[in-house]
Every structure is written in structure tokens, then in C-alpha cells.
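Reader: I'm happy at the bench but slow with models. Could you walk me through this one, feature by feature?

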Amino acid sequence: MRRKILFFFLLFLALVAFLFILRKVEHFRQERLISSMTEVVTGEIRKGESLYLALVREEIPRDKIILLEKALKPVFDVKKSQIGDRYELERDLEGHFKNFKYYTTISPIDFYLVEKNESGKLVAKKERLPVEKKIARVEGRIETSLYEAMIAAGQKPSLTMDFADIFDWEIDFLTEPRPGDRFRLVWEEYWQVEKKLADGRILAAQYINRHQTHTAIYFEDPEGNKSYFTEEGKSLRKQFLRSPLSYRRISSYFSYRRFHPILKVYRPHPGIDYAAPIGTPVRSIGEGRVVYKGWKGGFGRFIKIKHKRGYYTTYGHLRRYAKGIRTGVRVSQGQVIGYVGSSGLSTGPHLHFAVIKNGRYINFLRLKLPAVKSVKKEYLKEFNRIKEERLTQLESISSN
Ligand SMILES: [Zn+2]
């Protein structure tokens with residue numbers, strides 16, 4: 001019995017000694033490692049901080065920070081730093097600068113690298129992270145709005161906006177979606193190991209309502225022309241946007257969460273009334289020239305724009321005009337020209353909108369416009385190949 005106790009006691013001692021030596025060796029190894037190592041200061045921009053203040057917080061000497069910012073300037077404007085941007089400053093243990101990396105949330109798949117060149121001067125360049133592309137897919141059904149449906153499907157507002165942008169000439173997502181409408185889309189995601197860095201481009205999208213299926217296929221031809229096309233290879237772009245109110249602008253203007261499709265369309269006269277909150281940006285539905293800007297009786301603050309092929313559009317009851325809008329100026333498609341109000345004879349804030357052709361009011365919502373462009377004949381075969389692939393991806397139930 002006593003021998004047994006003694007044996008275990010010795011075993012215990014040996015174990016302790018062994019662990020002690022192990023620790024010493026490890027310590028020694030670490031020290032050697034450290035002497036050949038560099039130190040990396042990492043952190044992120046906090047609320048109310050500039051990059052400068054963040055680095056001051058990290059106790060980086062102020063003159064060094066100024067040099068860093070100066071080096072970054074040609075490739076990245078530090079004024080664009082945002083909360084959550086990350087930085088890594090590598091230096092040797094004596095404090096000598098090795099390099100600096102800046103990862104901004106604005107472009108999640110790139111980063112900025114500052115290093116010393118041969119003459120010891122700091123220079124910056126933009127670098128791409130090693131990313132892997134994956135195809136993601138989502139589909140959903142509208143209960144209230146596209147936005148709510150996308151959120152319910154686990155997607156981000158930015159993807160919703162990109163989706164709405166694609167159909168900006170075909171669908172007015174503020175007033176047209178009805179419960180039961182369906183959508184599906186496939187897009188690229190950028191991944192690094194197990195982490196998704198960002199959503200990339202939407203490759204294909206569909207919106208299916210009672211009347212029809214709208215399909216958009218992204219295609220880049222060998223000449224570098226990129227656009228979204230229908231299944232027939234026609235561009236989705238047209239002479240006119242589907243609505244003088246922008247889904248993207250409205251959604252970002254009135255914070256996503258609170259925004260519901262409160263917009264309503266009334267048609268008490270030739271023209272359309274869009275009931276919308278005061279201040280909602282109003283855009284020109286097409287490229288053209290302002291031929292009237294000013295007070296016009298019951299229409300209050302009023303703008304009339306002349307477009308190609310004999311079309312005019314008018315916008316009334318504005319609260320105010322956008323900067324630079326004067327009679328005679330050219331406007332581009334989608335350009336904000338004013339803001340919703342209730343000037344003139346108006347019972348509440350709304351946009352009075354009308355389209356006139358050859359002196360007559362026309363039913364804008366029934367207006368069928370030709371596509372502005374199509375896939376070039378010589379690339380149709382390639383387009384059709386891509387299209388088949390995309391349609392299959394849209395259909396497939398599981399992602400990838
Ligand atoms: Zn009206």
C-alpha cells in the first residue's frame with residue numbers, strides 16, 4: 001500500500017516537473033518568435049470617430065497618422081471612413097512601420113494597402129481580397145410590399161433596391177405589387193472562407209404578377225456592353241421609367257422600416273395622382289428639356305418636360321423645385337426635378353402627373369414603349385446559352 005502511494009507520488013512529481021519544463025521551453029520558443037515578429041494593431045472605426053481619431057486612440061503618433069492619410073489620399077478618401085471600417089497596422093517590435101491595411105465597408109471585397117517603397121516613402125494601393133463567388137437564390141411572395149417580402153425572405157434592403165432598379169422601366173413597385181405576386185432572383189455573392197463579404201450583381205430576376213411574368217437576364221456581350229434583357233433579348237430600358245416616383249429614393253428617404261406602400265394612385269382626370277408624403281423626390285421619367293417651370297393655376301408649382309417622339313410630361317402641386325431646374329435646361333432620365341407638395345388646388349400632398357402626345361392626354365399606364373436596345377444578332381447564341389443557364393438557376397429550389 002505504502003509503496004503504491006509512493007509510486008503515485010513520484011509519478012505526480014515527474015508530471016509536475018515535466019509540465020514545468022514544457023512551459024519553460026514554450027516560453028523560450030515564444031520569446032524567440034517574438035523577437036523575429038511584428039506587432040499588428042487592429043481595430044475598427046467607432047461611432048463619431050475619423051480614421052485619425054481611431055489611430056490616436058491606438059496611440060499612433062500624430063505625425064505618423066498624417067503621413068498615412070496623405071499616402072492613402074490618391075486611392076482612398078479618408079473622409080469616407082465609416083463606422084465599422086477596420087484597420088491593421090503592422091510594425092516591428094521596435095515600432096518601425098511595416099504596412100497598413102484599411103478595409104472599408106463601402107467596398108467589402110477590396111482593401112487599401114500602405115507600404116514603404118524603395119526610397120522609404122509611403123505609398124498606397126487598392127488590393128482585392130481573395131474571394132470566391134457563389135450563386136445565391138431567393139424567391140418570395142408579396143403579402144404587403146416587395147420590401148417586406150424580401151426582408152421576410154432574409155434579404156437585405158440593398159438587394160431589394162437593386163432588384164427594383166432592374167425593373168424600373170416596367171414595374172412601379174410603389175403602387176403595383178399585389179398580394180400573391182411572386183419574385184425570384186439569383187445573384188452573386190462574394191465569400192472568403194466561411195464568411196460572406198458582400199452581395200454582387202443580380203444575374204437574373206423575375207417578377208410574376210396576375211398579368212405577366214417579367215424576366216431580366218444580365219448579359220455582357222463580348223464588346224463589354226452590359227445590361228439586363230428580356231427572354232427575347234430586348235433591353236429592359238425604355239424611353240420612360242414606369243413611375244415619376246423612385247422606389248429606391250423613397251425607400252431610403254423614409255427609412256425602410258417605417259415605409260409601407262402607402263402610395264396610392266387616383267385618376268380623377270386625364271393624368272395620375274400619386275398620393276405621397278410631402279417632400280418625396282419627383283423624377284423626370286425620361287430624358288428631355290424643361291419647357292415650363294413655374295406656377296400654373298390649380299396645378300400650383302408645375303413642371304413640363306418635352307421628350308423625343310412628340311411626348312410631354314407634366315408634374316404638378318410641387319412643394320419646391322430641385323436645384324438647377326429652370327425653363328430650357330436638359331434633364332436626364334430619373335433626374336430629380338422637384339418634391340411632392342400640395343401647392344395650388346390640392347386637397348392633400350400628391351403629385352399630379354400626366355403624359356401628353358400630340359396635344360392629347362394619353363393613358364400612361366397603358367403606354368407600350370419599344371425597348372431601346374437589344375442583344376446584337378451576332379451575340380444572340382451566347383445570350384441564349386446564358387439565358388437557359390439563368391432560367392434553370394431561377395427555377396431550382398435549392399440554392400447553388
Ligand atoms: Zn391631379
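Reader: How many residues sit between E3 and E4 in their hairpin?

Author: First the labels: helices (H or I, at least four residues) and strands (E, at least two) are DSSP runs, numbered from the N terminus. Two strands pair if DSSP finds at least two bridges between them. Here E3 and E4 make a hairpin with 6 residues between them. Strand E3 (residues 97-103) and strand E4 (residues 110-116) run antiparallel, joined by 4 bridges. Tyr 102 faces Tyr 112 in E4.

Before we go on, this is a predicted model: local features need pLDDT of at least 70, side-chain atom pairs count only at pLDDT 80 or more, and totals for chains, interfaces and linings use all residues. Residues are numbered from 1 along each chain as its sequence is written.

Reader: And what does E4 do with E5?

Author: E4 and strand E5 (residues 122-128) pair in the antiparallel sense over 7 bridges. They form a hairpin too, with 5 residues between them, and Gly 120 in the turn has a positive phi of about 85°. Tyr 112 stands opposite Lys 126 in E5.

Reader: Which sheet order do these strands belong to?

Author: The order is E1-E2-E3-E4-E5, an open sheet of 5 strands with antiparallel pairing. Strand E1 (38-44) and E5 each have a single partner strand, so one side of each is left without a neighbour in the sheet. From one strand to the next the twist averages 15°. Further in, strand E2 (residues 86-92) is joined to E3 by 6 bridges, and Tyr 87 stands opposite Tyr 102 in E3.

Reader: Which helix lies across E3, E4 and E5?

Author: For angles, axes are lines fitted to C-alpha atoms, for helices over the stretch in contact, and angles run from 0 to 180 degrees between N-to-C directions. Two residues are in contact if their C-beta atoms, placed from the backbone, lie within 7 Å. Helix H3 (residues 62-72) is the one lying across those strands, at about 55° to E5.

Reader: What is the order of the sheet that holds E6?

Author: That open sheet of 5 strands reads E6-E7-E8-E9-E10, with antiparallel pairing. Strand E6 (132-141) and strand E10 (226-229) are at the edges with a single partner strand each, so one side of each lacks a neighbour in the sheet. The twist averages 30° from one strand to the next. Helix H5 (residues 157-166) packs on this sheet, touching strand E7 (182-192), strand E8 (195-208), E9 and E10, and its direction makes about 35° with that of E8.

Reader: What are the domains?

Author: Domain bounds come from an automatic or database domain assignment. It gives domain 1 (38-128), domain 2 (131-238 + 370-400) and domain 3 (239-369). Between domain 2 and domain 3, 19 residues of the former are in contact with 17 of the latter. H5 gives the most to the side of domain 2 that touches domain 3, with 4 residues.

Reader: Why is the protein called more spread out than a compact globule?

Author: The radius of gyration is taken over C-alpha atoms, and the globule rule is 2.2 Å times the number of residues to the power 0.38. The protein has a radius of gyration of 30 Å, well over the 21 Å that the rule gives for 400 residues, so it is more spread out than a compact globule. Its C-alpha atoms fill a box of roughly 110 × 50 × 50 Å, taken along the principal axes.
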